[in-house]
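Me: I'd like to go through a protein model step by step, with a bit of reasoning behind each answer. Can we start with its overall size and then move on to charged side chains?

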Amino acid sequence: MRRLLTIALMLLSLSCLAGGKGKEIKVLYWNIQNGMWHDQGNNYDDFVAYVRSLDPDICIWAEAESRYVTDTCTKLKMPEDQYLPWNWDVLAARYGHKYSLIAGKRDTFPQVITSKYPLRIVKRITGNGSDIIVAHGAGWAKVDLGKGKEINIVTVHTWPHKFTYQAEDRDASAAEHGGDHFRATEMQYICEQTIEAVPGAAAQFWLMTGDFNAISSIDNYHYNLPADDTAFLVHDYVRNNTPYIDVIERLYPGKFQKSTLSGRRIDMVYVTEPLMKRITSGNILYDGFAASTRDPRGKAVQNFCHPSDHYPVFITFKLK
């Protein structure tokens, strides 16, 4: 009897210790290229299996809209022939997520968040209606993690081109680095509308992620560009004006991690210090289903990739 009591106390002690380690939260971000064009003809079965294998608690998807007929670059009739973004709730349920919302959408390149935990939109950001345009839109949502814990998630997907938005002379605009300046304006506006608008945000849980279409000066040991290159404007703004920390750079200082098949790191996960302290791992995933290859038909399908031209970013953190 005494032995059984001892064993019971040991098990109780181990249970308490395990509980004290905190709840693990896994976050997956991925630009899935045209609404996972690669797998839409397969009923998204391989995509769903891959996400289920990672078992994320929160997913943030960029380019989360069906745009082309399977295996072609023929545009779908919109919205009648589009499966995504209108059916993200159905697709997310297949990998275990009960909640979903469109976070940012101005055109056909929205960002979508899905989650095991309740979430709500705070603000969708498209510009100020006059001189500032957020090309693909951005979003700010909150995820309720329970026990009074919530995380602010900001999604972005900035302008991708070398020339500015709606440039009349694209070559001249590109020569003047119009695209870099346009992206920087987008980034400043997004930050002003989200984390910079909240007093005490630096002490809260904030995460900003997406396809920034811009490289960071922190990686310039890899790019070897002039220190004042306009290509760095977007991330220089974030680094110099917000409390955000670049998770991958913090975890792998001086070890370049590409996020696209082209070899650039333009997909970032930024967090505030309270969340950074709780991060237990962070990786860009290159293997298995996520391994990126260029479609051999080249320009015939606009140089699309399989399954995407971007790689997923996967981070985990623990709540106390």
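Me: What radius of gyration does the chain have, next to that of a compact globule with 320 residues?
Reply: Keep in mind that this is a predicted model. A compact globule with 320 residues would come out near 20 Å, and the value for the chain agrees with that. The chain's radius of gyration is 21 Å.

Me: And how big a box do the C-alpha atoms fill?
Reply: Picture the box lined up with the principal axes. Taken that way, the C-alpha atoms fill roughly 85 × 45 × 35 Å.

Me: How many helices and strands are there, and what share of the residues is buried?
Reply: The chain has 10 helices and 14 strands. A residue is called buried when its relative accessible area is under 20%. Of the 320 residues, the buried share is 52%.

Me: Which residue pairs with Lys116 in a salt bridge, and why does that pair tie together separate parts of the chain?
Reply: Side chains of opposite charge can pair when their charged atoms come close. Lys116 sits in the loop between β4 and β5, while its partner is in the loop between α3 and β2, so the pair ties together parts that are 61 residues apart in sequence. The N to O distance is 2.7 Å, and the partner is Asp55.

Me: Is Lys116 buried or partly exposed?
Reply: Partly exposed covers the range between 20% and 50% relative accessible area. Lys116 has 31% relative accessibility, so this residue counts as partly exposed.

Me: Which residues are linked in a network of salt bridges?
Reply: The pair of Lys116 and Asp55 belongs to this network. Two further members are Lys26 and Asp57. Put together, the linked residues are Lys26, Asp55, Asp57 and Lys116.

Me: How far apart in sequence are the parts tied together by Arg297 and Asp71?
Reply: Arg297 and Asp71 form a salt bridge, with the closest N and O atoms 2.9 Å apart. Arg297 is in the loop between β12 and β13, and Asp71 is in the loop between β2 and α4, so the parts they tie together are separated in sequence by 226 residues.

Me: Is Asp295 buried or exposed?
Reply: Asp295 also forms a salt bridge with Arg297, at 3.0 Å between the closest N and O atoms. The cut-off for buried is under 20%. With a relative accessible area of 4%, Asp295 is buried.

Conventions:
Residues numbered from 1 in each chain as written. Predicted model: local features only at pLDDT ≥ 70, side-chain atom pairs only at ≥ 80, totals over all residues. Heavy atoms only, no water. Helix = DSSP H or I, 4+ residues; strand = E, 2+ residues; numbered from the N terminus. Rg over C-alpha atoms; globule rule 2.2 N^0.38 Å. Buried < 20%, exposed > 50% of the residue type's maximum accessible area, 1.4 Å probe, protein only. Salt bridge = Lys/Arg side-chain N within 4 Å of Asp/Glu carboxyl O.
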